[in-house]
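Colleague: I am new to this structure and would be grateful for a close look at a single part of it. Please set that part in its wider context as well.

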Amino acid sequence: MISIKNVRKSFGEKNVLNGIDLEVPLGETLVILGRSGCGKSVLLKIIAGLLSIDGGEVWVDGTEITKLKRKKMNQIRQKIGMLFQSAALFDSMSVAENIAFMLDQHTDLTQQEMRKVVDEKLKLVDLDGVQELRPAQLSGGMRKRVGLARALAFNPEIILYDEPTTGLDPVTCNEINELIRDLNKKLQVTSVVVTHDMHSAFSVGTLMVMLHEGKKLAYGTPDSMINEDNPILQQFILFGAPDQILNIDDPTLRKYTGRKTE
Amino acid sequence: MTPPTSTPAPTNGLAFLLKNRLYNTLSEIGEAFRLFAETIFQIFRPPWQFDLLMKQLLFIGFNSLTVVLVSGFFTGMVLGVQGYVQLKPYAVEGSVAQFVSVSVVKELGPMITAFVLSGRIGASITAELSTMKVTEQIDALEVMGTNPVKYLVVPRFLACSIMLPTLTIFSTFAGIFGGYIAVVTLFGFNGSFYILQVQQHLYIGSVFISLIKATSFGMAIAAVGCYKGFSISSAGGAEGVGTATTGSAVISLITILVLDFILNHILFNLLGFS
Ligand SMILES: Nc1ncnc2c1ncn2[C@@H]1O[C@H](COP(=O)(O)OP(=O)(O)OP(=O)(O)O)[C@@H](O)[C@H]1O
Ligand SMILES: [Mg+2]
């Protein structure tokens with residue numbers, strides 16, 4: 001569904017992505033891990049066609065998008081939902097108008113029909129009664145969830161999530177993780193999730209990739225990632241994951257926890 | 001510690017600086033014209049969102065009407081006093097109404113209105129669009145399949161092009177009225193004679209010139225405002241928004257003056273209006 005080939009991107013002198021290859025087959029959820037500033041958000045924006053690249057190819061739904069005309073690109077974008085790291089809500093509009101934006105722009109739905117969709121999507125992200133508020137009146141976590149509701153409003157086939165659970169309390173976090181999994185299982189949505197939250201990463205991911213210094217450091221299923229004998233990756237997983245979700249008896253992990261077995 | 005691997009290219013020669021500066025300025029002008037061309041193209045492409053245009057028209061009208069009226073009124077007063085005092089030694093102070101109305105209609109009405117709007121509307125367009133850019137709202141528009149030029153620039157461009165001539169009519173009347181108040185109260189000028197003179201010297205051609213100028217200034221204010229808003233780097237932050245906003249006001253003032261000169265040359269010199 002999404003396929004990235006040898007993608008390079010730099011900002012001026014700064015090389016951010018240095019030849020990345022990735023595959024996300026239909027219905028899979030790829031989790032992108034990596035240190036802050038390593039180019040995860042940049043990669044998501046490249047997939048959404050928001051940033052041009054300096055080399056390589058990006059295929060989405062069978063089309064190479066890097067040299068696409070706006071009209072064609074917009075057709076593909078109707079299948080993509082994106083949650084921005086900053087939520088990127090339109091601050092001149094109410095929450096309801098934000099969520100209904102794509103419906104308003106691309107369909108002939110009546111106000112009433114749009115309101116139904118808005119209510120339904122807000123329920124999905126466990127918010128209610130905020131329809132008429134402005135984004136500035138919401139808390140950070142609420143804004144994030146409205147951003148998610150907006151990304152889901154057009155029933156996308158591909159969803160790009162930039163840190164969906166950052167800033168949420170553990171209970172809401174868990175609900176969002178379930179929501180991502182549900183969309184994936186019930187609707188065969190293809191997803192890319194950027195996250196620093198290991199709990200979330202292991203609960204939603206069917207594939208994982210770790211970026212490091214513009215390169216792909218490791219790529220595989222969550223199980224294979226745990227068993228990958230790579231210090232940078234293992235530190236990343238261990239420092240972020242509560243013991244309960246990892247099998248501490250795993251020999252590879254034990255090596256990096258510095259803990260002797262009992 | 002690793003030493004720096006390469007020394008930066010020399011960036012201090014005067015020739016180098018000038019060349020760089022010229023290159024940047026030219027490529028900016030090129031970019032601005034590209035945005036302008038795309039805006040014109042998008043204006044004629046359906047779907048048309050009249051609600052967006054309406055919102056901008058009201059915004060500009062509400063925000064500027066009072067300031068435009070007050071500025072126009074005082075400009076007229078100044079012209080009245082100056083005109084009367086300057087014309088008196090030649091004993092032609094009777095033509096002061098002609099002097100006021102002709103200057104206001106052909107030159108100062110559109111100019112004052114454009115100055116007010118470049119400070120208020122042009123700057124606010126830049127502030128709004130550049131904030132949307134740095135907070136990823138423009139990206140969000142793109143990702144939802146909406147063309148930001150069509151959605152954001154077109155309504156602002158049209159609204160400015162419509163509201164500038166509209167407000168110019170108000171400022172022109174305010175100016176003529178200001179002149180009337182000044183000469184009648186300060187110099188005891190005959191009021192009905194003033195009005196008669198204004199009627200005699202207000203030609204339809206002058207009004208046409210006034211509106212042509214105002215419309216061009218409106219387009220320039222919107223084009224500069226939108227371009228400066230869009231051209232901010234998405235990594236610019238709040239500081240970038242501030243710089244872009246003040247930059248926008250200054251550039252549109254200069255653009256208006258240059259445009260006024262060009263239009264005067266074309267209309268009065270080449271086409272022979274008077
Ligand atoms: N518009 C831009 N202009 C210049 N540099 C940029 C721009 N966007 C990103 N960068 C640079 O690219 C690098 C990667 O940024 P990115 O936002 O992708 O990081 P990230 O992996 O998402 O980090 P985080 O986990 O903190 O969100 C950063 O070093 C940043 O400075
Ligand atoms: Mg990021």
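Which residues have the most contacts inside the largest nonpolar core, and how many residues does that core have?

Modeller: The model is a predicted one, and its scores are ipTM 0.88 and pTM 0.87. The largest nonpolar core has 130 residues, and those with the most contacts inside it are A:I47, A:L160 and B:C160. Helix α3 of chain B, residues 96-134, gives the most to this core, with 17 residues. As a general background, nonpolar side chains in soluble globular proteins tend to be buried together.

A:I47 is a suitable place to begin. Leaving aside residues up to four places away in sequence, A:I47 touches A:I2, A:V58, A:V60, A:L160 and A:V192. One of these partners, A:L160, is itself among the residues with the most contacts inside the core. Another partner, A:V58, leads to A:S3: the two are 55 residues apart in sequence, yet their C-alpha atoms are 6.0 Å apart in space. A:S3 belongs to strand β1 of chain A, which covers residues 2-11. A:S3 counts as partly exposed because it has 16 C-beta neighbours inside 10 Å, a number between the limit of 12 or fewer for exposed residues and that of 20 or more for buried ones. Beyond residues up to four places away in sequence, A:S3 touches A:E23 and A:W59.

The surroundings of these residues are those of chain A, which contains 11 helices and 10 strands. Its radius of gyration is 19 Å, close to the 18 Å that the globule rule gives for 262 residues, so chain A is as compact as a globular protein of that length. Along the principal axes, its C-alpha atoms fill a box of roughly 65 × 45 × 35 Å. Of the 262 residues in chain A, 40% are buried. Among its contacts between residues at least 6 apart in sequence, 64% join residues at least 24 apart.

Chain B, to which helix α3 belongs, has 8 helices and 0 strands. Its C-alpha atoms fill a box of roughly 85 × 50 × 35 Å along the principal axes. Buried residues account for 42% of its 274 residues. For contacts in chain B with a separation of 6 or more, 86% are between residues 24 or more positions apart. An example of closeness in space across the sequence is given by B:L196 and B:A97, which are 99 residues apart in sequence and 8.8 Å apart in space, C-alpha to C-alpha. B:L196 lies in helix α6 of chain B, residues 191-201, and is exposed because 12 other C-beta atoms lie within 10 Å.

The two chains also meet: 11 residues of chain B are in contact with 17 residues of chain A. On the chain B side, these residues comprise 3 nonpolar, 5 polar and 3 charged. Ligand 1 lies between chains A and B. Around ligand 1 there are 13 residues, of which A:F11, A:S36, A:K40, A:S41 and A:V42 come nearest. The shell divides into 5 nonpolar, 7 polar and 1 charged. Helix α1 of chain A, residues 40-47, gives the most to this shell, with 3 residues.

Some details of the backbone deserve attention. Most residues other than glycine have a negative phi, and most peptide bonds are trans. B:E136, however, has a positive phi near 65° without being a glycine. B:E136 is in the loop between α3 and α4 of chain B and is buried, because 23 other C-beta atoms lie within 10 Å. In chain A, A:N155 likewise has a positive phi, of about 45°, although it is not a glycine. A:N155 is in the loop between α6 (140-152) and β7 (158-162), and it counts as partly exposed because 14 C-beta neighbours are found inside 10 Å. A cis peptide bond, with omega about -5°, joins B:P46 and B:P47; B:P47 lies in the loop between α1 (14-43) and α2 (50-87) of chain B.

A remark on confidence remains. The mean pLDDT of chain B is 90, and 96% of its residues reach 70 or more. Over residues 1-6 of chain B, however, the pLDDT is below 50, and this stretch has 0 contacts in the model beyond near neighbours in sequence. Where pLDDT is low, the predicted coordinates should not be read in detail.

Key
Residues numbered from 1 in each chain as written. Chains lettered and ligands numbered in written order. Predicted model: local features only at pLDDT ≥ 70, side-chain atom pairs only at ≥ 80, totals over all residues. Helix = DSSP H or I, 4+ residues; strand = E, 2+ residues; numbered from the N terminus. Contact = placed C-beta atoms within 7 Å. Nonpolar A, V, L, I, M, F, W, Y, C, P; charged D, E, K, R; others polar. Near = placed C-beta within 6 Å. Core = buried A, V, L, I, M, F, W, Y, C linked by C-beta atoms within 7 Å. pLDDT = per-residue confidence, 0-100. Rg over C-alpha atoms; globule rule 2.2 N^0.38 Å.
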